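Trainee: I'm new to this structure and would like to understand how its labels are earned. Could you walk me through the reasoning?

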Amino acid sequence: MSYYIYNFILFLISLVISNLLLKRLINLLKYSFLDIPNNRSSHSNAKPRGGGIIFVIAALISSLIAYFKNDFESIYLIPLISLPLAIVGFLDDKKGLSTKIRFFTQVLTGFLIISISPFLEFFPNKNIFILIFIIFISILFISGFINFINFMDGLDGLISGSMLILFSTAIIKIGSLIYLIPLVASLIAFLRFNWEPSKIFMGDIGSTFLGSIYISMIVQSKDFETFLCLSLLPFPLFFDCIICLIRRLLSKQNIFDSHKSHLYQRLQQAGWPHSKVSLTYMLSIIILSFSYLIGGYDYLITSIGLVSIIGIIIEKKYAVPFKKI
């Protein structure tokens, strides 16, 4: 069977199954995984969460397919490595877990991701202390990445739409990431039910798992330029998180307390509907992805500057001011 026909059939099957599963999940999860709005929520109605379990199922199935095709490489271990993180996220969606348990799982996941990646080959110096330091910083980077994705999962369609673009870009650019095809199909199906007005949320199981899969893909990069570019593609999401974190530190707020200070939250508070905010972030990521695909690193850096300027203008003109939060 042709390579492209096989992948297209795999995509269609994954899309159909994901749609069917989501229809069942919406009814099942509303009894035990109901997200009750609180003072940090951007929604006003209780809705089921935990729908991100379909991402886990899709990724695990693709790993099994690769195994039975005798095409199993270390990269196909990523869904398995990320599985404990998904389980902890699922339990957290159910009843809430301590920060220590979640952080320990993230650190363990980060260590396992680094252990199967060629990432350390970028650093020729094999001094044991330098390697330990690099591994330590890498694990913090991975944990931070996962948490940033989780922090940004607060509006209908924002993270599901953004991650759909990011994974699709990686498939187009790298080409060998076939294990992502069922995951992309599940994201398309999920976005249908997660777009405003949403019927289901992905929950921590979805956001942390997606973050783990994407950062794993980054550290599996064969060269430093690919590593850097894939790291920069989610820039609009991270720019929001980092600026918000710096502002909260400077204003002496407790950065561990829940809040509604992110730009996407302040835009929504200013009257922007979820769909408009989500589309704004998605469009900015599309601009970066298109620049990367047609021009590589140089075009991507230029587009990041453009997107940053647009983001600053949007905040100044439309968002609720940070100090009033």
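Trainee: Why is I310 called partly exposed?
Mentor: In this predicted model, I310 has a relative accessible area of 38%. Buried would need a value under 20% and exposed one over 50%, so I310, at 38%, falls in between and is called partly exposed. I310 belongs to helix α12, which runs over residues 274–318.

Trainee: What makes S216 count as buried?
Mentor: S216 has 0% relative accessibility. The cut-off for buried is under 20%, therefore S216 counts as buried. Its place is in helix α8, residues 203–219, and S216 touches I78, S82 and I113, leaving aside residues up to four places away in sequence.

Trainee: How many residues of α8 are buried?
Mentor: Of its 17 residues, 17 are buried, so helix α8 is described as mostly covered.

Trainee: How do you know that the span of α8 agrees with what is expected?
Mentor: Counting 1.5 Å a residue, the 17 residues of α8 should span 24 Å. The C-alpha atoms at its ends are 25 Å apart, so the two values agree.

Trainee: How do you know that C244 is in no disulfide?
Mentor: A disulfide needs two cysteine sulfur atoms within 2.5 Å. The nearest cysteine sulfur to that of C244 belongs to C241 and is 7.4 Å away, so C244 is in no disulfide. The structure as a whole holds zero disulfides.

Trainee: Why are C244 and C229 called buried?
Mentor: C244 has 4% relative accessibility and C229 has a relative accessible area of 0%. Each value is under 20%, so both cysteines count as buried.

Terms used
Residues numbered from 1 in each chain as written. Predicted model: local features only at pLDDT ≥ 70, side-chain atom pairs only at ≥ 80, totals over all residues. Heavy atoms only, no water. Buried < 20%, exposed > 50% of the residue type's maximum accessible area, 1.4 Å probe, protein only. Helix = DSSP H or I, 4+ residues; strand = E, 2+ residues; numbered from the N terminus. Contact = heavy atoms within 4.5 Å. Expected span 1.5 Å × (residues − 1).
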